[in-house]
Amino acid sequence: LTSGAIINKVSLGNGGVGAPFAYDSDKDGVADRIYVGDHEGKLWRVNANNGLWDSAMGETIFVGEGKPITSRPLAAAVGDRTVILAGTGEYFSFADLTDNAQNYAYGIFDDGKAVNLTRDNLLNQEILENTKYSNDETGISFYSITRNAMEDDKKGWRLTLPTGYVVTSDSGIYGPNNEVATYTATKVNEE
């Protein structure tokens, strides 16, 4: 590795990828999985082969709704499961600033085997009406969401974000809470 030589290339479809997240599931100091979203709305899992990255292979863990996943997903052990948080949206140019963009936040349970999950495999959560809490000093707003009980056949959850919100930064898990930072796009006058 000190030579800088490429040891392996992993094909992850045709859509271009966002920022990757390296996950050390066994806490030995070496990443054994990488999670990354793409511009077609897919979430990929790349597994080291018996700890060796020179033969790593990628597979689609989740096929989204065609909205790009450009921010870095987060993977963390929560109880006895690995949870991957990801959100959709992009903010690369003025063309991305649209008031009617519909985006989503996802929490995917990864057992290391699941592939090609879809929205039908996820439990729907919703933003509760009239629950926007804003901090005037910071400009940060918070929403309350439903806490629908997880069903045995579901492999995670899905949240429809308010129209015009995009996920363009890293997510987080803090204690019992999942945090997905979203932004609303505002176009500045171009003079």
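Let me start with one pair of residues: Ala105 has Leu159, in S11, as its bridge partner. I should say at once that we are looking at a predicted model, and that everything I describe this morning is computed from it. That pair belongs to the contact between strand S7, residues 104-110, and strand S11, residues 156-160, which run antiparallel and are joined by 5 bridges.

If we step back from that pair, we come to an open sheet of 5 strands with mixed pairing, and its order reads S5-S6-S7-S11-S8. Strand S5, at 74-78, and strand S8, at 123-125, have a single partner strand each and stand at the edges, so one side of each is left without a neighbour in the sheet. From one strand to the next, the twist in this sheet averages 20 degrees.

At the S5 end, S5 and S6 pair in the antiparallel sense over 5 bridges, and Ala76 stands opposite Val83 in S6. These two strands form a hairpin with 2 residues between them, and Gly79, in the turn, has a positive phi of about 65 degrees.

There is also an open sheet of 4 strands, in the order S1-S2-S3-S4, and here the pairing is antiparallel. Its edge strands are S1, at 21-23, and S4, at 52-63, each of which pairs on one side only, while the twist from one strand to the next averages 25 degrees. Within this sheet, strand S3, residues 42-49, runs antiparallel to S4 and is joined to it by 7 bridges; as an example, Asn47 has Met57 in S4 as its bridge partner.

Now to the interior. The largest nonpolar core has 26 residues, of which Leu43, Phe62, Ile84 and Ile108 touch the most other members. At least two residues of this core come from each of S1, S4, S5, S6, S7 and S11, and S7 gives the most, with 5 residues. Apart from this core lies another, of 5 residues, which includes Leu12, Trp44, Val46 and Ala56.

To take one member of the larger set, what is Ile84 in contact with, once we leave aside its neighbours within four places in sequence? Its contacts include Tyr35, Leu43, Ile61, Pro73 and Leu74, and also Tyr106, Ile108 and Asp110.

The last of those residues deserves a closer look. Asp110 lies in strand S7, and it counts as buried because its relative accessibility is 5%, where the cut-off is under 20%. The side chain of Asp110 makes a polar contact of 2.4 Å with the side chain of Tyr35, and a polar contact of 2.4 Å also joins the side chains of Asp110 and Arg45. Not counting residues up to four places away in sequence, Asp110 touches Arg33, Tyr35, Arg45, Ile61, Thr82 and Ile84.

I will finish with two backbone details in loops. Most residues other than glycine have a negative phi. Lys27, in the loop between S1 and strand S2, nevertheless has a positive phi, near 55 degrees, and with 61% relative accessibility Lys27 counts as exposed. Asn116, placed in the loop between S7 and S8, likewise has a positive phi, near 55 degrees, and Asn116 is partly exposed, with a relative accessible area of 47%.

How values were computed:
Residues numbered from 1 in each chain as written. Predicted model: local features only at pLDDT ≥ 70, side-chain atom pairs only at ≥ 80, totals over all residues. Heavy atoms only, no water. Pairing = 2+ DSSP bridges. Axes fitted to C-alpha atoms, helices over the stretch in contact; angles between N-to-C directions. Core = buried A, V, L, I, M, F, W, Y, C linked by side-chain atoms within 4.5 Å. Buried < 20%, exposed > 50% of the residue type's maximum accessible area, 1.4 Å probe, protein only. Contact = heavy atoms within 4.5 Å. Polar contact = N/O pair within 3.5 Å; in protein donor to acceptor, adjacent residues only side chain to side chain.
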